[in-house]
Structures are given as C-alpha cells and as structure tokens.
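I set out to record, entry by entry, what I looked up in this structure. The entries follow the order of my queries.

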Amino acid sequence: MAAVQLTLGDDGILVATMDLPGRPMNVVTDALMEGIAAALTRLAEPGVKGLILTSGKADFCAGGDIDRMSKWTTPEQPFEASMAMKRVLRQLETQGKPVVAAIHGHALGGGLELALACHARIVLDEPRLKLGQPEVKLGLLPGGGGTVRLSRLVGIQAALQICGEGGDFSPQKALATGFITALAPSREALLQAARDWIAANPKARQPWDQPKFRFPGGDSKSPAMAQLWAIAPSIAFGKGRGLYPAVQHIMSAIFEGGLLDVDSASVVESRYFAACCLSQTSRNLIGTLWYGLNALKKGASRPAGFEARKVTKLGVLGAGMMGAGIAHVAAKAGIHVVLLDTTQEAADKGKAHTQALLDTAVKRGRSTPEKRDALLARIHPTTAYADLAGCDLVIEAVFEDREVKAGVTRQAEAVLGTGAVFASNTSTLPITGLAKASARPAHFIGLHFFSPVEKMPLVEIIVGAQTSDETLARGFDFVQQIGKTPIVVNDARGFYTSRVFGTYVLEGLAMLREGVHPRAIEVAGLQAGMPMPPLALQDEVSLSLAVHVADQTKKDLAAEGKAYEEHPGMAVARQLCEAGRIGRKAGRGFYDYEGDDKHLWPGLTAMFPTAATQPPLAELVDRLLVAQAVESARCLEEGVLRSVVDANVGSIFGWGFAPCHGGTLQFINAVGARAFVAHARELAARYGRRFEPPANAIAHARDGTRFE
Ligand code: NAD
C-alpha cells in the first residue's frame, strides 16, 4: 500500500490521503514525502485542477520520525533530510495550482509544516485537535520550513512564540492567531470547504511569492522588530538560562530568515536544524521525554500477566490538601469518589476544593456548568466508613503519623471487599512498616502523589516487602487511568524522589554553611536548570518539616541499630528553626515574605558569614547536579530504583530535575561514567562521603558502559 493514496474526482480535484502503512500515525518519512512528490506529478497533468492533502488516520500528521533522527551522527544527514523535504514542499506551493490541507486530526511539528506549505488550511472545529510546532520540547527546531512560513504568515513575534514555546493550539486559537484559513463543522464539510476553496482560487500563490509581499508586523530590520529583537533573547534566557540551545537556534533562524528571501531562509533554517539534531541536549530530551516516557506509558515498569483493570469506585481518606486533590483528579477521570474525613465539615471542605477549581474553569470557558456539576456529583464527602463498601481502591492521605494511618487502615479494611487495594500517600514513612496495620499486606501499596496534585504529572508507586505483583499492576493501571505517569520504586526511607530531591536542597544549605553567599547559591540553582533555587525551595517545603523528618529518621535508625549520618546542610536548617525562621508558611525563612514579595533575609550573612574567597559559579552548579546524580545512582545500586528510565523520568516529573540533562542518570551518561566518577571522587575528597560514587557508576566507568 502506498504511503499517500491518490483519488481523482470528476471535478478534476485530486485527493491525496496520507496513510503510512504499518504505523499508527502519519509521520514525516521518506516514503511520505515521495508519496507527496508523486501527488504533485499527478497534479501537473492537464485537467487536474487542484489538490487536497488529507489523512487516512486519526491524526493529520504527528510530526518528524524520531527513530530516524536518533540515528543521525553527522550534520550533513539532518541538513540533507530537511532540505529534501523542503524541496518537495517548495514545489508544492509554487507549481501554480491550488493545494489545500484538509485537517481532521492533530497536525504537529512536521505535520503542521506540510500544512503550512499548502495554500490554505481548513481544519475540523474540534477543540481537542492540536496544532503546533512542539519540536523545541525535544531540543529541536521545525526543520521543514516552519520558522520560515510562520514568520511570513503570522509575523515574527507570533512565530517566535509558536516555535520557541512549542505549545499546542486548538483550531479556534490557530484561526485567531492566523495560521489556518478556516474551520469546518464536520468531516464532510471539511472536504467540501477544501473543494470550494480550490474552485475559488484556481491560481493560488503563497503570500511570500507575491511581488509586493511584506512580513506582517515587519521583517527583522523593521523598527518594530528591531525593538523585539533587543529584548527577545533576554526573555528567553530568563526562562531557559541558556540551557536549551534549540531556543537560541529558533530565534536565530527566525531573525536571519527575517532578513532573507524564502529560499535562503530555508537553507539557514536547515543549518540550525542540523545543529539542534546533534546537540547533547536534544539527545537527552529525546532519550527521556520521548523514548523513556513512551516506554513507561506502555507499561515498562508494570508486571506482566495481569489483566488491565479500571477503578470504578475510589475511597480517599483525609480530605486535606492531598486528599482533596486526589479526589479531584479521580473524579475528573470519571471515577466515583468517597471522600472521608473526621468531620463532615472537613470532608465538605475537600470537595469545595474541586468546586473552586471547576468554577474557575467554567468562568474561563475551559469547562461548562453541566460538566462541572457531573464531576462534582461523583465526589461524595462523608465521615462514614460504611460508605467505602464496594471501593476497588482506597488511598489514605491523613496526617503523616503512623498511629493515625494505622487506625484508618484498619477501619477501612473492615468494610472493604477482599480484593480491594489499600494505598498510602505517605511522603516519608516506609510502606512495609505501614502495612503492618493491614490484615492483607499483599494488597497494600504506596501511591505517592505530588503537590499540587492537579498539576504534577508523576505518581511514585512504592512496593512494600509484601506488596504483590497484582497489587502493583492495579496501582499502575489506576495511575494511568487518572492520566498521570507512574514510576515504580522499592520501599526505602524517602523512597526515590524525596530522597534525591533532599540532596539538592541540602547541598545548597551546606554551601551556605561553608560561607558561600546566599545569592550565589540561588543563582547556581537556577543556572543548574532547576525550577527553583535551593534556599527558596527549602522555605516552601518548610525547614521545620525537614528537621522533623531528620529527627524521625534518626530515631528510626537508632531503633534498627543503624548509624545516622547527618547531612551538613541539616545544621543550617536547625539553626534557622531555632531562630524561629521555619519557612514560607511563617513568613520567615531564608527569605522574608511580604505578600507575594520576598527577599533574602539580610541576617543570613551574619548567621553564616560570607567567605572572603567565593567558588566559581560553575562549581556550585556542578555540585548541585552531581549530588543528585550520585544519590540516584545509589538508589539504583541499593535496589530502591528498579530501572534507569524510572530514575530519569521520575527526576524530571517529580521534582523538576533540569530537563535539559535528561534526568539524573542520563546526566551521568552524558558526562561519561569515567569522567563522572573521577569528578565525584574529587568532590568527595573536598566535601564528604556523600559524593562517593556507588559501585554501579564505578563499574560503568571501568567497562565504558552507561546507565541503560
Ligand atoms: P493535610 O493536613 O492537609 O490533610 C490531612 C487530612 O487528614 C485533614 O483534613 C485531616 O482532618 C484528615 N485526617 C486526619 N486524621 C484523620 C482520620 N483519622 N480519619 C480521616 N481523616 C483524617 O495533609 P496533606 O498535606 O494533605 O498530607 C496528607 C498525607 O499526604 C500525608 O501523609 C503527607 O505526608 C502526604 N503527602 C503530602 C504532600 C504535600 O506536599 N503536602 C505530598 C505528598 C504526600
């Protein structure tokens, strides 16, 4: 079967239907482009009046072929591939007859670029349909003419936003932005509108091929754009800290393209495309956020042999911050939720959280009153344990207290069916210990959500010593059912995410103790690519909580007869707590808070005098990243982590580990295990044993292998 099927109608209009054999979606491959080239040959025949480019799959075209891109090793390969695609597209738009893209599904990346080369784009008016240039999210730039045509169609500023931010556009928004021609209410109407457009425009030409063409809003040297170009790079740097070369390359391609004719701009774009394809950053992003994430979505960490199950009735114990959030996301996924707290008032307050979120969504036009009411009707706030009868899963999110958790476990299990799963959302207490309160520990599991639950994409699933594979499979299915990404870890103090996240924050605190200026620590955190700097972050999670968890750990380890070695950063947290500066919730921590405003507490440098010689910023950045990478490798070595992909995806989605590095273990791969181990040893000699590389990293260094 051909990649593009051609049908010539009685009206002389050729319909080219993209339908790549053996693939679930259309992607830009050589076969697809050859099919389009063949369509152009037919179009040139006398009697053929125009061409409709459409798709035989659910999407229009989902973008470039990542498998093919991943194999490129020299810059000539991406450059040539991109130019080859563009030669076909240029021919398509200049051959003299009208070509219309009829789009009834997603048109993303290379898919949108195909459509942009057409003389008109008519799109099914379906709000879930996505259009956009998401390449930047994988460290790439649109290499099929996207920067060139968008800047000529919607202007340089909008093109910068579409390509530089990589967001999705609904058909309505795309129409308002100006990169599609019209909307159609149904698929039939879509094809009819395409035919009508061809009939009305027998000699279609692109705006940029008209003699009097002007860039909407001005070209790169116009006064308005000169102003934009004066600030765009600094805005981009503020967001990405210069860690994402694709953003700079996109800006350069659009800027330079804005001084050139279409064909020269196309060549410039292909050069930047080649630079992006070979960058370490894009390798990191593609490895983790494409291959890794897709593997997790397909169930890489789910035990095989258990039928996929769906939760129909969920119990949530504790209607506080986390419980209310969990109830909300579950109800949103169509699940009936029993939301239980100690008083009806507290349970109702949990439900009110969803009401508030949905009221805002309705106000902003993102939902309707009917949808809101239907979702709210699925949440049943209560104090009665009997209401939990029939739940397939119960998640407890009560106070972080062993006794309280044990109590609710027993009470819930008394009314649950024998097959039901009981999960704890604890952030610090080992699951195996909590399962002691359970009459059936094989059905007991950890489902660690992150705050705010509605926004955070990850759930860390914790397998206790007695948790069965079937329970794990059911936990995994539930996490996917509510649209979150699951990683699976074994039970241990702090699990994976809290433990490694802690090393980032505490390293920052340790630096303060050594006399590094607080401002330098904060800049280093941002420059490392972390979403928030260490001291600010410690304020958010609260210093008193950190001290409480450390004291609890110390007690627990003593009870197990194990030694407790405190991170040097903890002394800083203790000292601030003693001074009553326990973090943001008290309005005083490393920062002083006044409303939304905050600034570093001036007393900090008196408490921790700044050393006369300050280390270079690069060294601080490096230390913050290496601390997390070493601890992640240790988690894998100790069997807390079960896979490299869980480590990488979990670090980015869980606590925002710099995505440009592709996750904590990919960070080691990119540096190279040998160099990493040598460097970690140097840091260990200077700052302490916490930097000592674990055996797995040493083995990779010795064997020249990588974390895979
Ligand atoms: P919270 O204090 O906001 O809510 C706890 C709720 O549990 C309160 O509404 C309380 O009334 C209720 N509760 C207490 N005892 C109860 C009982 N016996 N029966 C029924 N309800 C009871 O706390 P939170 O921040 O939502 O945290 C809840 C759990 O989630 C804790 O285990 C915490 O460690 C964990 N967690 C918290 C976060 C976070 O960022 N806050 C993140 C991950 C996990």
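The notes below cover a sheet, two helices, a loop residue and a surface patch.

**Entry 1. The sheet.** I noted at the outset that the model is a predicted one. I then asked in which order the strands of the open sheet are arranged. Six strands make up the sheet, and I read their order as S1-S2-S3-S4-S6-S8, with mixed pairing. I recorded strand S1 (4-8) and strand S8 (182-184) as the edge strands, since each of them pairs on one side only. On average, and with direction ignored, neighbouring strands here are turned by 25 degrees against each other.

**Entry 2. One strand pair.** I looked next at S4 and S6. Strand S4 (residues 99-103) and strand S6 (residues 120-124) run parallel and are joined by four bridges. Within this region I found Ile103 opposite Val123 of S6.

**Entry 3. A helix across the sheet.** I asked which strands helix H8 lies across. Helix H8 (residues 187-200) lies across strand S2 (13-18), strand S3 (50-55), S4, S6 and S8. Its direction relative to S6 came out at about 165 degrees.

**Entry 4. Helix H5.** I checked how many residues of helix H5 are buried. For H5 (residues 146-153) the count is eight of eight, and the helix is mostly covered. The buried residues include two arginines, Arg149 and Arg152, besides Val148, Leu150 and Leu153. I then looked up what covers them: the elements include helix H3 (76-94), helix H4 (110-117), S6, helix H6 (156-165), H10 and helix H11 (262-277). S6, one of the covering elements, is also the strand that pairs with S4. Just after H5, I noted that Gly155 has a positive phi of about 95 degrees.

**Entry 5. Arg378.** I located Arg378 in the loop between helix H15 (369-377) and strand S11 (379-382). I asked which residues Arg378 touches, leaving aside those up to four places away in sequence. The contacts are Ala331, Lys332, Gly334, Ile335, His336 and Val337. For Val337, the separation from Arg378 is 41 residues in sequence, while the C-alpha to C-alpha distance is 6.0 Å.

**Entry 6. A nonpolar patch.** Finally I turned to the surface. Phe255, Leu259 and Leu260 form a nonpolar patch there, and together they have about 230 Å² of accessible area. Phe255 belongs to helix H10 (residues 245-257), and H10 is one of the elements covering the buried residues of H5. I asked why Phe255 counts as partly exposed. Its relative accessibility is 32%, and partly exposed is the class between 20% and 50%, so Phe255 falls within it.

How values were computed
Residues numbered from 1 in each chain as written. Predicted model: local features only at pLDDT ≥ 70, side-chain atom pairs only at ≥ 80, totals over all residues. Heavy atoms only, no water. Patch = residues over 30% accessible without salt bridge, like charges linked within 9 Å, V, L, I, M, F, W, Y side chains within 5 Å. Areas by Shrake-Rupley, 256 points an atom, 1.4 Å probe, with all protein chains shown as cover. Salt bridge = Lys/Arg side-chain N within 4 Å of Asp/Glu carboxyl O. Buried < 20%, exposed > 50% of the residue type's maximum accessible area, 1.4 Å probe, protein only. Pairing = 2+ DSSP bridges. Axes fitted to C-alpha atoms, helices over the stretch in contact; angles between N-to-C directions. Contact = heavy atoms within 4.5 Å.
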